Amino acid sequence: LDNPLSWSADQYLSAEMFPDPVLALARQNNQVVVLGESSTEFFYDAGNPVGSPLLPVTNAVALVGCSSADSIADTENTLYFMGVTRQQGRSIYRFNGTIPEKISTPAVDRVISASTLANVSAYFVKMKGHPLYVLTLQDLNVTLVFDSLTNLWHEWTSSIPGTWDTGIS
């Protein structure tokens, strides 16, 4: 404990409710979020004196996996990401607490499903009072932006690298 450079081989914790390969770790409020290929699990700091200090939040498991670790962006208390389910394929989600909330439209789903995910980037920014999740799919030369104030999607374009025509006034 308290030394990330030294631990024994038996002092680890893994996602166990749906043991799929882990793609990313993130933080949501005071919990560790483990995003796998087909599921997401949450862990909290239980302060265990032996082994891992983390324990799973047993009632907070989602059957939504992460399509790309590079699609994850967070704000003060919300985590956005490109997720995938077995029934619906790729969509954009945000966690409302520990519940995944689908925020993408069918048109956005079609665009992200066409991507090879070869070069994805995402971040969160606030512009003129609008909290924005910005997702760029470089293989498609597309930047999709979700305005969480209006709950609307936009496509940003640029004729000059590094500048954007946001359409937000």
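Is M17 buried, partly exposed or exposed? In this predicted model, M17 counts as partly exposed, because its relative accessibility is 45% and the partly exposed class runs between 20% and 50%. The residue is found in the segment before strand 1. Together with F18 and L63, M17 forms a nonpolar patch on the surface, and the three have about 290 Å² of accessible area together.

From this patch, the description can move to strand 1 itself. Strand 1 covers residues 22–28, and Q28 lies within it. Q28 is buried, because its relative accessible area of 2% is under the 20% limit. What is Q28 in contact with, once its neighbours within four places in sequence are left aside? The list is V33, F42, N77, T78, L79, F95 and G97.

The next residue to consider is N29, placed in the loop between strand 1 and strand 2, the latter spanning 31–36. With a relative accessibility of 39%, N29 counts as partly exposed, whereas Q28 is buried. The backbone of N29 also deserves a look: its phi is near 55°, a positive value in a residue other than glycine.

A positive phi appears at K128 as well, at about 50°, although K128 is not a glycine. This residue, too, sits in a loop, here the one between strand 10 (120–127) and strand 11 (130–137). K128 is exposed, since its relative accessible area of 64% is over the 50% limit.

Turning to the interior, the largest nonpolar core has 17 residues. Within this core, the residues with the most contacts are M82, I92, I112, Y133, L135 and W153. Several elements each supply at least two residues of the core: strand 7 (79–85), helix 1 (106–114), strand 10, strand 11 and strand 12 (142–147). Strand 10 and strand 11, the elements on either side of the K128 loop, are thus both among these contributors.

One of the residues with the most contacts inside the core, L135, gives a helpful view of its surroundings. Not counting residues up to four places away in sequence, L135 touches S71, M82, I92, I112, V120, S121, A122, V142, T143 and L144. Among these partners, M82, I92 and I112 are themselves listed with the most contacts inside the core.

Apart from the largest core lies another, made of 15 residues. Its members include L35, A62, I72 and Y93.

Note on methods:
Residues numbered from 1 in each chain as written. Predicted model: local features only at pLDDT ≥ 70, side-chain atom pairs only at ≥ 80, totals over all residues. Heavy atoms only, no water. Helix = DSSP H or I, 4+ residues; strand = E, 2+ residues; numbered from the N terminus. Buried < 20%, exposed > 50% of the residue type's maximum accessible area, 1.4 Å probe, protein only. Contact = heavy atoms within 4.5 Å. Core = buried A, V, L, I, M, F, W, Y, C linked by side-chain atoms within 4.5 Å. Patch = residues over 30% accessible without salt bridge, like charges linked within 9 Å, V, L, I, M, F, W, Y side chains within 5 Å. Areas by Shrake-Rupley, 256 points an atom, 1.4 Å probe, with all protein chains shown as cover. Salt bridge = Lys/Arg side-chain N within 4 Å of Asp/Glu carboxyl O.
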